[in-house]
Amino acid sequence: MSTVPVQAYLALALILFCIGLYGALTKRNTVIVLISIELMLNAVNINLVAFSKYGITPSITGQIFTLFVIAVAAAEVAVGIAILISLYRNKKSVNIDEMDAMKH
Amino acid sequence: MTFSGEFLAFMSLALVAVIGGVLLLNLTKVVHMVVALVFTFVSIAGIYVLLSAEFLAAVQILIYSGAITIIMLFGIMLTRHNDTSEPKTGRWRKLFLFVGVLGFAFAVYIGIYNLDLPSAPNDLHVNNTEQIGIELYSKFIIPFEVTSVLLLVALIGSVVLAKKDDEKEAEKE
């Protein structure tokens, strides 16, 4: 039926997830950390869509879940950038290892 | 394995996606990193098309390569961005993290490698958007409405957070 096995999609999602994880743990710029988290969410979305087509019981539900994940990710990015801007106003820095206080 | 068109499309899309991710890790300027990640997002949209999720591919292009990338670029440009980031993280810490992530990847890959799912016929590709709409409004109506509340909360919350509070500034001065 298909020439690309489901393992290939899962392996691609795993590679992207690991890149996002490594970036989120090592980068110092907060924007890059946020976007690495977006990359991890994207990898999870690939998994959901792959299982919605090649799972044991294929159904559209995986794609619905992916829509919800995308909506939540967009909300998270908006709030994250807002927090980043208000932190930058107080600390004059975007490095994540200098953001160690919840009050200024 | 035969080299069919689907296989070639998957391999090229996956290659572009992984190259975008690796560039994200290795470039030095933050704007370049974000632009590199646009390639990853677009090729993930192509992967969705291969997985017969055309509506999700359109949503991915609109939301990720459009909105989120632009928000990230605004976030970079509203803050200090001219310093090329790194390298104060410390080589040992990076090495440990790399080994840890590699171990995680290996552990998950063992689970993926032997996975053998019986493939069942499906009709996800016919009228994909209509199927999503019917499912969303018949089975997932309450989560759908809760999502609207979530988006409203995020909108108001980000406006309140990013607003310059003049009273505090006045008190400080």
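These legends go with a set of close-up views of a predicted model.

**View 1. Chain A on its own: a run of helices and no strands.** Chain A has three helices and zero strands, so reading along the sequence gives the pattern α-α-α. The radius of gyration is 17 Å, well over the 13 Å that the globule rule gives for 104 residues, so chain A is more spread out than a compact globule. Its C-alpha trace spans about 60 × 25 × 15 Å along the principal axes.

**View 2. The stretches of chain A that UniProt lists as "transmembrane region".** The entry is unreviewed, and the residues it lists are 6-25, 32-52 and 64-88 of chain A. In the model, residues 6-25 of chain A are 100% helix and 0% strand, with 29 Å between the end C-alpha atoms. Residues 32-52 of chain A are also 100% helix and 0% strand, and here the end C-alpha atoms lie 30 Å apart.

**View 3. Helix 1 against helix 2 inside chain A.** Helix 2 of chain A covers residues 30-54, and its axis sits 8 Å from that of helix 1 of chain A, at an angle of about 165 degrees. Anything over 145 degrees counts as roughly antiparallel, so that is the label for helix 1 and helix 2 of chain A. Their crossing is left-handed. On the helix 1 side, look for A:Leu10, A:Ala13, A:Phe17, A:Gly20 and A:Ala24, among others. Helix 2 of chain A answers with residues including A:Val33, A:Ser36, A:Met40, A:Ala43, A:Asn47 and A:Tyr54. Sorted by class, the contact of helix 1 with helix 2 of chain A has 19 nonpolar, five polar and no charged residues.

**View 4. Where chain A meets chain B.** The contact takes 60 residues from chain A and 72 residues from chain B. Which elements of chain B give two or more residues to the side that touches chain A? They are helix 1 (5-26), helix 2 (30-50), helix 3 (54-78), helix 4 (91-113), helix 5 (128-138) and helix 6 (141-162) of chain B. That side of chain B has 51 nonpolar, 15 polar and six charged residues.

**View 5. Zooming in on the interface: helix 1 of chain A with helix 4 of chain B.** Here helix 1 of chain A is residues 6-26, and its axis comes within 10 Å of the axis of helix 4 of chain B, crossing at roughly 160 degrees. Helix 1 of chain A and helix 4 of chain B are therefore roughly antiparallel, and this crossing is right-handed. Chain A brings residues including A:Gln7, A:Leu14, A:Cys18, A:Tyr22 and A:Thr26. Among those they meet in helix 4 of chain B are B:Lys94, B:Phe98, B:Val101, B:Phe104, B:Tyr109 and B:Tyr113. The class count for the contact of helix 1 of chain A with helix 4 of chain B is 16 nonpolar, two polar and one charged.

**View 6. A helix pair within chain B: helix 2 and helix 3.** The axes of helix 2 and helix 3 of chain B come within 8 Å and cross at roughly 170 degrees, so the two helices are roughly antiparallel. Helix 2 of chain B puts in B:Val34, B:Val38, B:Phe41, B:Ala45 and B:Tyr48, among others. Helix 3 of chain B contributes residues including B:Glu54, B:Gln60, B:Tyr64, B:Ser65, B:Met72 and B:Ile76. By class, the contact of helix 2 with helix 3 of chain B has 17 nonpolar, three polar and one charged residues.

Technical notes:
Residues numbered from 1 in each chain as written. Chains lettered and ligands numbered in written order. Predicted model: local features only at pLDDT ≥ 70, side-chain atom pairs only at ≥ 80, totals over all residues. Contact = placed C-beta atoms within 7 Å. Helix = DSSP H or I, 4+ residues; strand = E, 2+ residues; numbered from the N terminus. Nonpolar A, V, L, I, M, F, W, Y, C, P; charged D, E, K, R; others polar. Axes fitted to C-alpha atoms, helices over the stretch in contact; angles between N-to-C directions. Parallel < 35°, antiparallel > 145°, perpendicular 65-115°, else oblique. Left-handed = near helix turned anticlockwise from the far one by under 90°. UniProt positions renumbered as here; feature names shortened; annotations may be inferred. Rg over C-alpha atoms; globule rule 2.2 N^0.38 Å.
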